[in-house]
Amino acid sequence: MEIVKNGVDYFFLTYGVLLFVCYFLLILCAIIAIQKNKKRSLFLNENDIKGAIDLPSVSLIAPAYNEGKTIIINVYSLLSIQYPYYELTIVNDGSKDDSLEQLINEFNLEIVPFYESDPNIQHASVRGIYKSKNPKYKYLTIIDKENGGRADALNCGIAYAKTNLVLCTDADCIIEQDALLKMVRPYLEELDKEVIACGGAIGIANDSIIENGTLKELKLPKSFLARVQVVEYIRAFLLGRMAWHHLDGLMLVSGAFGLYPRTRVIEVGGFDKNTVGEDLELCIRLRSHMEQLQKPYDVVYIPETLCWTEAPSTFKVYITQRDRWARGLWETIRKHRKLFFNPKYRSMGMVFFPYWVFFELGAPIVEFLGLICLVILTIFGWINWPVALALFIVVYLIGCIFSTAAILLYTVNFKHYAKGSMVIKLLVAAYLESFISHPVMLYAEIKGYFKKIFKIKSTWGTMTRKGFTTK
Amino acid sequence: MVLEQLLYTVAIGLLLFLVFLWIIIGYSIVIREFRYKTRSKIDAFFIEKLSAEYMKNIALTEQTHFEKKQTISIKLKNKRRLQYASNILIRVQDAFDSENQEMIVQLCEENGISSAIDRKISKRDWYPKAMAIWLSYELDLEGNLPHIKRLTSHKNILVRREAQIGLVCFWGWKSLKMLPHLKYPISLWQQIRIIEKLVDYFPEPDLTYMEKALKTKNPYSIELLIRLMRRFDLKAYIPYIMEQIQHPNSNVSQTALEVLESFQLNNVQLQQLEAQLMQFTLENQQLKVTQFIALQRIAIPKETPNGNS
């Protein structure tokens with residue numbers, strides 16, 4: 001019995017130490033990467049390329065499903081993005097509300113004859129393609145199709161796009177005006193490595209002021225839950241993704257804001273409709289594809305916040321979202337399990353993918369098992385409470401240090417949360433996260449895994465949104 | 001007990017580190033505020049200086065509003081302040097083209113910007129070096145040209161990129177003669193910037209140097225040249241562009257095709273293109289050429305043997 005108890009102790013200790021070492025190394029890499037990016041970006045003035053004719057063309061593809069409340073303002077927002085060679089495609093994914101009618105009326109749309117889409121990408125059947133009669137909106141295309149889910153709608157948009165690059169986003173995202181100019185930069189700078197995906201940081205704009213579809217004034221969310229997610233996003237985007245980008249190991253470009261070369265996406269058959277984690281899955285598939293072709297490639301991350309979204313502000317919606325993310329992760333890891341410690345895929349197979357298995361997929365499972373062990377050990381009276389309390393304080397403080405470091409890096413490098421009061425509120429949210437939102441997140445993730453293990457049929461889930469404060 | 005004590009010692013260490021992080025956050029917020037105020041002061045200083053210079057040439061009656069004495073003084077010794085001040089002058093330069101060139105150079109000299117740039121360009125570290133080159137050509141400080149010329153083949157990508165763009169800014173079309181000698185790749189970003197600098201500062205093409213540049217074998221230089229041909233609508237070089245369709249580097253052949261799409265080809269040229277198509281082996285290029293020809297055929301009515309449409 002003693003051997004089992006010691007074994008369990010050492011397992012959790014080793015896992016915890018390894019996880020903290022990884023996080024610590026990631027912070028160091030993120031600091032180096034942020035500094036490097038800051039220095040390089042001084043030479044990359046977007047004004048230099050605004051009038052250029054050699055820029056790659058970009059299609060912005062935004063699927064919309066029952067977005068009637070905000071569709072018009074969002075389309076205006078997306079139309080106002082600064083980029084010389086840019087098309088906007090809204091894919092109405094079989095909405096049951098009046099989204100399409102609103103768009104037809106507002107933009108004076110007319111149905112146009114079907115034109116050929118790329119046959120290499122499958123999607124649900126298209127009911128009609130609309131273009132505006134008003135020359136002002138000649139770069140706007142609305143594709144009305146049968147409902148098939150987000151991935152299917154994106155595939156449809158990609159199949160009909162004729163541009164070099166495709167930017168996949170959501171119709172309810174607020175995109176910064178110069179976002180495209182910044183996002184194409186890695187593609188313009190590529191030399192020996194082909195850029196196969198580029199992602200930008202996503203910010204949370206709950207309770208912020210939106211005017212004419214652009215972010216007028218950024219405010220901290222009033223809801224504690226949304227505020228915690230601000231910290232979570234800063235930590236994930238600034239520390240996690242920046243560090244992985246520095247190590248050439250970025251495996252995820254967020255579905256809400258990702259730019260891809262169209263030909264490469266078509267080569268791999270587009271987004272996978274059978275997973276709810278289509279963004280992670282596509283990125284891993286693109287990377288595997290390039291590994292198989294033995295061509296040098298890069299997945300790039302831009303640390304500036306270029307896209308704003310609304311985060312769940314109620315626990316119900318939050319649980320739905322995290323449950324879905326957990327299922328998406330499970331499905332993707334399972335689908336690509338052949339990569340696990342596969343030397344054929346070099347560092348992706350030997351380091352990056354195993355990291356995702358052990359620490360992204362594994363962390364909630366280990367945490368959940370830890371809680372079970374805690375209960376069992378308590379029942380049998382095997383816990384040394386003073387040591388357990390001291391250990392808890394140490395672990396908690398390490399967590400606080402990681403969050404504080406993330407907020408510090410953000411404050412130093414970006415202007416969005418520059419006010420002292422905002423920083424204090426973020427720090428308080430970060431320190432309370434472990435007691436309030438983290439247990440709920442763990443519950444949602446375990447719920448998602450449970451559904452996958454016991455093959456319980458589940459869908460995307462309804463994401464009820466409050467909507468932005470508009471002027 | 002020992003373990004417990006050890007853990008509490010670690011916890012105290014961590015807590016101290018956390019406090020240290022709070023202090024840095026607080027410091028960064030204060031310093032940001034201070035920097036903001038300094039920058040406002042630098043802005044005000046240059047607004048005064050520039051408006052005073054501009055008003056010299058304006059009738060006396062209009063001048064009265066601006067005839068205040070210089071009230072603001074600043075010290076630009078700090079690296080960040082110099083950088084900020086330089087950026088202001090670059091923006092002024094961009095807004096007013098080259099009308100006020102002498103004034104900008106004078107302001108750079110008076111406020112220590114020129115001497116700081118001179119010092120930076122000789123540094124070993126790539127970052128200040130590249131920054132100094134960038135500032136030199138953006139502020140048109142021609143005195144640094146001898147340094148810049150030497151750095152066009154520097155091992156650091158940013159230094160050589162900025163040096164090459166700098167040469168374009170100072171020499172214009174003459175700088176194209178460096179293309180046959182370039183060994184390193186040129187990114188699309190750099191190509192675009194070179195083209196845009198030529199468009200802005202030297203809108204009249206000088207084909208003497210273009211001819212010299214055509215000797216290049218570097219695929220990236222060829223790509224740049226054919227993009228230049230499109231930007232300046234140099235129809236005389238269509239045969240050269242068509243030749244590049246068969247270039248072994250797929251980027252060059254693809255760019256050549258894209259560039260040709262913006263020219264209206266005649267039937268002879270289209271037939272030549274079709275003949276070239278037959279020699280292709282790569283499927284995607286073949287597809288693209290087919291599409292291109294189809295597009296062109298639709299665009300231009302086919303000529304009959306007797307010359308009628």
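Two strands count as paired if DSSP finds at least two bridges between them. Keep that in mind for the opening stop, and remember throughout that you are looking at a predicted model.

**Stop 1: strands in chain A**

Select Tyr130(A) and show its neighbours across the sheet. In strand S5 (residues 140-145) of chain A, its bridge partner is Ile142(A). Five bridges connect S4(A) with S5(A), and the two strands run antiparallel. Now turn to the other pairing of Tyr130(A): this residue, in S4(A), is also the bridge partner of Ile111(A). Here the strands are S3 (residues 109-112) and S4 (residues 126-132) of chain A, antiparallel again and joined by four bridges.

Next, pick residues 209-211 and 214-217 of chain A, which are strands S9 and S10. They run antiparallel with three bridges between them, and Ile209(A) has Glu217(A) as its bridge partner in S10(A). The pair makes a hairpin with two residues between the strands. Click on Asn212(A) in the turn: its phi is positive, about 50°.

**Stop 2: helix H6 of chain A and two partners**

Select residues 224-246 of chain A, helix H6, together with residues 420-433, helix H12. Their axes lie 9 Å apart and the helices pack at an angle of about 95°. Angles of 65 to 115 degrees count as roughly perpendicular, so that is what H6(A) is to H12(A). To see the contact, show Phe224(A), Arg227(A), Val228(A), Val230(A) and Val231(A) on the H6(A) side, then Lys425(A), Leu426(A), Ala429(A), Ala430(A) and Glu433(A) on the H12(A) side. Colour them by class and you get seven nonpolar, three charged and no polar residues.

Now swap H12(A) for helix H11 (residues 385-413) of chain A, whose axis comes within 9 Å of that of H6(A) and crosses it at roughly 75°. These two helices are therefore roughly perpendicular as well. From H6(A), the contact uses Val231(A), Ile234(A), Arg235(A), Leu238(A) and Leu239(A). H11(A) brings Phe402(A), Ser403(A), Ala406(A), Ile407(A), Leu409(A) and Tyr410(A). By class there are nine nonpolar residues, one polar and one charged. Val231(A) is worth a label, since it appears in the contact with H12(A) and in the one with H11(A).

**Stop 3: where the chains meet**

Bring chain B into view. Its side of the meeting place has 33 residues, in contact with 32 residues of chain A. Helices H1 (2-55), H6, H8 (157-171), H9 (188-201) and H11 (219-231) of chain B each supply at least two residues to the side that touches chain A. H1(B) gives the largest share, 16 residues. Sorted by class, this side of chain B has 23 nonpolar, seven charged and three polar residues.

**Stop 4: inside chain B**

Stay with H6(B) and select residues 126-138. The helix has 13 residues and spans 18 Å from its first C-alpha to its last, close to the 18 Å expected. Ten of the 13 are buried, so the helix is mostly covered. Among the buried ones are Met131(B), Ile133(B), Trp134(B), Leu135(B) and Tyr137(B), but also Lys129(B) and Glu138(B). Just past the end of the helix, look for Asp140(B), where phi is positive at about 60°.

For the last click, go to Ala85(B) in helix H3 (residues 79-96) of chain B. Is Ala85(B) buried or exposed? Ala85(B) counts as buried because 24 C-beta neighbours lie inside 10 Å. Finish by drawing a distance between the C-alpha atoms of Ala85(B) and Phe46(B): these residues are 39 apart along the chain, and the separation is 8.2 Å.

Terms used. Residues numbered from 1 in each chain as written. Chains lettered and ligands numbered in written order. Predicted model: local features only at pLDDT ≥ 70, side-chain atom pairs only at ≥ 80, totals over all residues. Expected span 1.5 Å × (residues − 1). Buried ≥ 20, exposed ≤ 12 C-beta atoms within 10 Å, placed from the backbone. Axes fitted to C-alpha atoms, helices over the stretch in contact; angles between N-to-C directions. Parallel < 35°, antiparallel > 145°, perpendicular 65-115°, else oblique. Contact = placed C-beta atoms within 7 Å. Nonpolar A, V, L, I, M, F, W, Y, C, P; charged D, E, K, R; others polar.
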